[in-house]
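User: I would like to learn how to read the features of a model such as this one, step by step. Please show it first.

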4 protein chains.
Amino acid sequence: MLKVGLLGAGRIGQVHAVNIAGHARSTLVAVSDVVEGAAQSLAAKYGAQARSSDDILNDPAIDAVLVATSTDTHSDLIEKAVAAGKAVLCEKPVDLSLARAKACLAATKDSGQPVMIGFNRRFDPNFGAMQAALAAGEIGKAELLSITSFDPAPPPVSYIKVSGGLFRDMMIHDFDMANFMMGAPPVTVTAVGSAIVNPEIGEAGDVDTAVVTLTYADGRIAVIKNSRRAVYGYDQRVELLGSEGLLSAGNMLENTLSKSTVAGVSSAKPTYFFLERYMPAYVVEWNAFVTGVLDGTPLAVTLEDGISALAMAEAATLSAKTGAPVTLADL
Amino acid sequence: MLKVGLLGAGRIGQVHAVNIAGHARSTLVAVSDVVEGAAQSLAAKYGAQARSSDDILNDPAIDAVLVATSTDTHSDLIEKAVAAGKAVLCEKPVDLSLARAKACLAATKDSGQPVMIGFNRRFDPNFGAMQAALAAGEIGKAELLSITSFDPAPPPVSYIKVSGGLFRDMMIHDFDMANFMMGAPPVTVTAVGSAIVNPEIGEAGDVDTAVVTLTYADGRIAVIKNSRRAVYGYDQRVELLGSEGLLSAGNMLENTLSKSTVAGVSSAKPTYFFLERYMPAYVVEWNAFVTGVLDGTPLAVTLEDGISALAMAEAATLSAKTGAPVTLADL
Amino acid sequence: MLKVGLLGAGRIGQVHAVNIAGHARSTLVAVSDVVEGAAQSLAAKYGAQARSSDDILNDPAIDAVLVATSTDTHSDLIEKAVAAGKAVLCEKPVDLSLARAKACLAATKDSGQPVMIGFNRRFDPNFGAMQAALAAGEIGKAELLSITSFDPAPPPVSYIKVSGGLFRDMMIHDFDMANFMMGAPPVTVTAVGSAIVNPEIGEAGDVDTAVVTLTYADGRIAVIKNSRRAVYGYDQRVELLGSEGLLSAGNMLENTLSKSTVAGVSSAKPTYFFLERYMPAYVVEWNAFVTGVLDGTPLAVTLEDGISALAMAEAATLSAKTGAPVTLADL
Amino acid sequence: MLKVGLLGAGRIGQVHAVNIAGHARSTLVAVSDVVEGAAQSLAAKYGAQARSSDDILNDPAIDAVLVATSTDTHSDLIEKAVAAGKAVLCEKPVDLSLARAKACLAATKDSGQPVMIGFNRRFDPNFGAMQAALAAGEIGKAELLSITSFDPAPPPVSYIKVSGGLFRDMMIHDFDMANFMMGAPPVTVTAVGSAIVNPEIGEAGDVDTAVVTLTYADGRIAVIKNSRRAVYGYDQRVELLGSEGLLSAGNMLENTLSKSTVAGVSSAKPTYFFLERYMPAYVVEWNAFVTGVLDGTPLAVTLEDGISALAMAEAATLSAKTGAPVTLADL
């Protein structure tokens with residue numbers, strides 16, 4: 001039984017709390033949050049204790065921590081937790097600074113402690129089935145990958161300003177998805193972007209609509225499309241052309257009802273946002289972490305994976321400014 | 001907070017236990033089962049007590065019972081629970097005997113105690129959205145209802161022999177679905193059936209494939225198709241033609257992956273069986289019961305609804321034997 | 001090269017004219033119609049002659065006739081054409097009177113002349129692919145067939161009065177489809193029907209909404225649903241459950257555009273009516289006739305097939321009146 | 001009635017011949033081809049004459065010519081036809097040389113003669129409905145366009161060598177589609193490409209897989225994906241995200257049959273190639289030309305449109321070599 005401390009009792013922390021408590025091989029023993037009341041209320045619901053994060057990190061009875069705090073604390077908490085001998089599942093991104101993330105890796109890689117980064121989409125049943133079909137050779141060799149990832153609505157401009165920008169904040173998921181599917185990082189990253197959804201996002205120095213093209217050493221190509229706004233809901237699709245076929249994974253819909261009238265045929269929208277779409281993925285993710293830690297098997301997403309996606313985000317941010325391709329090895 | 005005793009710790013009892021414990025307004029306080037170990041193990045998981053069903057029924061601190069025992073005990077348990085002043089949610093069917101079910105209604109109807117029958121499919125988000133769209137007038141007036149309901153595989157013949165037959169055991173869900181959509185019972189029931197999936201089912205006096213046609217006083221028509229075997233999974237669809245359009249609710253699929261190759265395009269099957277398909281429905285169902293009991297609002301499915309479906313099953317059983325239509329009022 | 005005379009220059013005659021003229025192995029040489037101008041105008045378009053039907057039937061240079069006249073003339077024209085040594089493709093139904101159709105068969109069956117009945121839906125690429133998949137054993141043995149067939153709008157009541165009724169006029173196509181898929185006629189026919197779309201249809205002694213259940217000697221079951229009105233367009237679907245799977249053939253849609261907005265996802269309706277939906281089927285049908293006649297191979301739909309469907313229509317008409325099943329052998 | 005001469009009796013010429021002859025307002029009067037027998041055989045089928053292209057161009061009784069010859073003759077034939085006072089519908093591309101195409105425009109633009117370029121996909125009912133929905137404001141303002149265009153199999157390398165390269169030969173259709181949807185040419189063109197399908201295509205100096213990103217003056221973005229090989233058939237899809245929704249137009253499928261078995265659900269592939277997919281589009285295209293010429297209304301696709309797409313192809317060819325974006329105005 002894995003004894004788990006949860007750092008961060010916000011929206012995503014609450015999702016993790018259910019899964020930690022509900023898993024047959026893990027228990028939620030402690031919760032911390034900068035807002036003390038939030039930790040207390042969440043802890044009470046699952047018979048856990050509300051404690052400070054230092055307390056949790058220093059408690060030898062706790063085996064693992066789940067880091068669901070704000071991004072700027074991730075690297076520090078990973079380092080402290082690893083130093084304290086704990087297994088770590090840390091929400092993405094590792095850090096907004098590639099240099100800081102690399103330092104975090106350097107500081108922890110010889111510890112032997114398991115560190116997993118929470119790229120939840122790898123655990124989505126649809127994308128998981130896709131990667132498995134590819135790995136099983138069902139479409140031959142991959143050639144052209146296409147990722148569509150649209151949020152339902154842009155966040156407030158105040159958030160945009162501290163987010164690290166669309167490529168680090170939003171597209172980082174898609175960079176990891178590309179790595180998941182392609183099994184290797186790209187050679188070059190070419191980005192175009194604009195602030196067409198909301199000009200204020202442009203004034204804040206960011207983009208809200210972007211297309212990134214990735215090239216690979218063996219001639220494969222990937223393309224990622226992002227928009228901060230798809231009024232019909234969370235649009236998350238991946239498509240992969242291979243030498244012997246095409247794999248395509250689509251959205252989860254609110255329901256299967258369709259209505260045919262003189263006006264046409266209408267059906268349900270995609271589920272609204274990531275909590276609705278990826279709730280099953282968080283369950284699978286937690287199971288992957290618990291299994292890896294308790295059974296000593298390799299973790300599905302490593303700190304290196306987190307850094308790889310971050311490097312791609314940095315390259316894309318640069319390319320979107322200059323228009324020119326950025327070679328990843330040059331970063 | 002509704003204090004709940006669960007009678008029956010089998011497969012469906014376990015599903016209900018999760019939902020009772022997880023609901024914000026209910027607590028699981030006690031569990032009984034004819035297999036004592038089953039009750040103990042389930043109770044332990046949720047911090048409840050394993051007790052006898054008589055103990056539970058006689059405990060004034062318990063507000064409600066969920067009856068998930070074998071069908072032959074339902075009527076008795078409903079009567080006892082109502083007499084003990086408890087609200088009741090009882091799994092379908094009320095009874096295999098229409099006369100016994102009617103006696104149960106007679107014995108309980110003046111009590112004022114809330115009794116709800118667990119026709120889970122009414123709470124399926126797909127069928128729920130369909131009924132809501134109909135009620136909102138989105139396809140005008142209903143004219144022709146069609147229900148497809150196939151199980152993935154037939155149960156053992158030993159089960160068939162005590163099941164009450166396909167119409168009472170399996171199609172009873174579809175009779176209730178017809179009542180849910182049509183808002184009134186039919187006038188006549190005409191059934192044809194055969195044992196084409198497994199001749200041993202025929203030798204046991206039952207059918208495994210059947211079509212039932214229902215006529216309504218105002219000219220509406222409904223048709224229900226059942227098969228005990230659809231090798232591709234649980235096939236649960238409803239379609240309703242109205243004066244201004246068609247509503248159609250389909251299956252939930254295992255995932256959204258599709259694969260295109262020289263051989264064609266392939267995609268996922270429907271989810272395997274009722275636990276996979278209707279898990280969300282059981283959550284909604286429990287919420288409907290808790291809300292109804294605590295807030296004193298009408299329950300979504302009444303004991304009368306259970307009896308109506310049972311009468312239709314009895315009529316269908318008779319019609320399948322004679323070939324002639326059975327007038328429901330004649331039963 | 002098959003020299004063809006077309007009897008009837010109405011809507012369906014015009015469809016056939018294009019296909020006769022466009023086929024590599026047939027030529028349209030003559031056209032007749034009760035409205036002389038209609039024959040002249042159609043003949044002119046394809047370099048054919050407008051003649052009387054007697055002239056056409058008596059011209060030894062004409063190899064085949066396509067009968068696209070009103071139903072009451074079909075039997076007579078088939079008999080005359082066969083007597084004149086011509087191959088015949090006659091539009092459905094053979095006749096409204098089962099006795100007359102049987103007499104027509106008796107009068108022609110020893111002639112050796114090829115006579116094909118125009119059940120166009122057998123040649124629809126979707127239904128054709130379904131029958132081929134079944135014949136190839138792709139879903140094992142057929143068990144439960146379901147046919148949905150809705151027209152976009154009811155015809156005028158004046159037409160209803162002379163149509164022979166829904167079962168002979170509209171559902172006859174579906175009876176033939178059942179025969180096409182099941183490969184044998186049913187044993188019993190049970191029908192329910194009502195005039196819920198338009199009460200005037202009921203006053204005219206007909207129904208506009210109907211469900212017919214067919215049972216087969218080996219335990220198979222089929223069900224046919226008809227409505228004279230589906231406001232969203234021509235709804236033509238067939239579904240067949242077998243021991244090893246399900247085949248399902250759906251509608252052709254106007255286009256593949258879908259639109260996702262806050263209001264939901266909308267897409268195109270089915271094509272409007274039989275000319276849009278079955279245009280490709282008429283091409284395939286004509287090719288089947290030409291090939292059969294010129295190469296001496298068996299025709300895809302025989303006069304016997306036409307009579308079988310007509311008998312089922314008569315049985316359904318009777319059953320809808322009495323409510324009781326009608327045994328086909330008793331007719 | 002438009003009297004039409006057809007220059008070129010090859011595969012696409014034959015498609016046009018049917019449509020010219022079948023249209024109510026046009027007649028096919030003459031056919032030419034470098035292979036004399038091809039012209040004679042096609043002309044005979046439609047009662048036209050086989051003549052030399054000079055004869056056709058010099059015949060004052062001919063109103064319009066359809067140029068379906070090899071690409072290297074297009075510019076010359078357009079100029080000669082316009083000089084001879086004829087309306088012209090010329091197959092795409094105008095020319096492989098942007099300079100030559102511009103010269104053709106310069107030579108003909110003051111003539112007042114209607115010249116239309118055969119970008120058939122604009123007339124596809126699916127894409128046509130999409131553009132109409134956009135124009136009607138159904139998804140607000142366009143923001144992000146995505147075009148997927150895969151051929152079923154690569155042409156012979158011998159063809160590749162004289163084709164002008166993937167961007168001029170294949171993606172030119174998609175450049176025109178972008179112009180059709182976006183209503184303005186892009187500012188920059190950025191291309192990546194590789195020869196991953198067949199290395200011999202790379203040795204011939206071309207690519208077989210490519211992604212092109214287009215940016216627009218107002219911040220809009222478009223992305224085009226091409227592959228010379230999709231083993232499951234011709235894959236032609238367009239998707240457009242707007243401020244108020246998403247439009248998506250998909251493939252035409254061979255049929256609507258689906259099969260559900262233990263192995264999953266399988267359905268039909270897209271139609272095999274452009275003749276199957278775009279046959280309806282060629283009919284609509286010809287009607288647009290005839291209507292424009294006879295009624296004096298603006299043509300749907302102009303010579304300028306042909307040049308715009310060609311310039312984009314040239315820019316993409318250059319960008320794929322350098323990796324850098326190419327500004328269209330710099331060409």
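User: By what turn and shift can chain A be laid on chain D, and with what RMSD?

Analyst: First, some ground rules. This is a predicted model in which local features need pLDDT of at least 70 and side-chain atom pairs count only at pLDDT 80 or more, while totals for chains, interfaces and linings use all residues. Residues are numbered from 1 along each chain as its sequence is written, chains are lettered from A and ligands numbered from 1 in the order in which they are written, and side-chain values use heavy atoms, with hydrogens and water left out. Copies are superposed by least squares on the C-alpha atoms of residues with pLDDT of at least 70 in both. Here a turn of 180 degrees and a shift of 0.0 Å along the axis lay chain A on chain D with an RMSD of 0.1 Å. The two copies are therefore related as by a two-fold rotation axis.

User: Which residue of chain A comes closest to the rotation axis?

Analyst: Ala324(A) does, with its C-alpha at 2.7 Å. The same surface serves both copies, since 100% of the contact residues of chain A recur in chain D (contact means heavy atoms within 4.5 Å).

User: How is the size of such an interface read, and what area is buried between chain A and chain D?

Analyst: The size of an interface is often given as the accessible area lost when the parts come together. Buried area here is the accessible area (1.4 Å probe) that two parts lose on being put together, summed over both. For chain A and chain D this is about 2800 Å², and carbon and sulfur atoms give 68% of it. Each of the two chains brings 40 residues to the contact. On the chain A side, Glu143(A), Leu144(A) and Ile196(A) lose the most area to chain D, together 18% of what that side buries.

User: What do chain C and chain D bury between them?

Analyst: They bury about 1700 Å², 52% of it on carbon and sulfur atoms. In chain C, Thr256(C), Leu257(C) and Lys259(C) lose the most area to chain D, together 33% of what that side buries. The contact involves 23 residues of chain C and 23 residues of chain D. Chain C is laid on chain D by a turn of 180 degrees and a shift of 0.0 Å along the axis, with an RMSD of 0.0 Å. Because 100% of the interface residues of chain C are also interface residues in chain D, the copies meet through the same surface.

User: Into which domains is chain A divided?

Analyst: Domain bounds come from an automatic or database domain assignment. Chain A has domain 1 (2-113) and domain 2 (122-273 + 308-330). Their C-alpha centres lie 28 Å apart. Seven residues of domain 1 of chain A are in contact with ten residues of domain 2 of chain A. The two domains bury about 670 Å² between them, 68% of it on carbon and sulfur atoms. On the domain 1 side, Lys92(A), Leu96(A) and Leu98(A) lose the most area to domain 2, together 77% of what that side buries.

User: How is a nonpolar core read, and how many residues has the largest one?

Analyst: In soluble globular proteins, nonpolar side chains tend to be buried together. A nonpolar core is a set of buried Ala, Val, Leu, Ile, Met, Phe, Trp, Tyr and Cys residues joined through side-chain atoms within 4.5 Å; buried means under 20% relative accessible area, exposed over 50%, and partly exposed in between (1.4 Å probe, protein chains only). The largest core has 99 residues, and those with the most contacts inside it are Ile78(A), Phe167(A), Phe175(A), Leu214(A) and Phe289(A). Domain 1 and domain 2 of chain A both give residues to this core, so it lies between them. Leaving aside neighbours within four places in sequence, the contacts of Ile78(A) include Val88(A), Cys90(A), Val115(A) and Leu303(A).

User: Is Val82(B) buried or exposed?

Analyst: Val82(B) is buried, with a relative accessible area of 7%. Helices (H or I, at least four residues) and strands (E, at least two) are DSSP runs, numbered from the N terminus. Val82(B) lies in helix 4 (residues 74-83) of chain B. Beyond its neighbours within four places in sequence, Val82(B) is in contact with Val88(B), Thr108(B), Ser111(B), Gln113(B) and Val115(B).

User: Where is Pro93(B) placed?

Analyst: Pro93(B) is in the loop between strand 5 (87-91) and helix 5 (98-108) of chain B. A cis peptide bond joins Lys92(B) and Pro93(B), with omega about -10 degrees.
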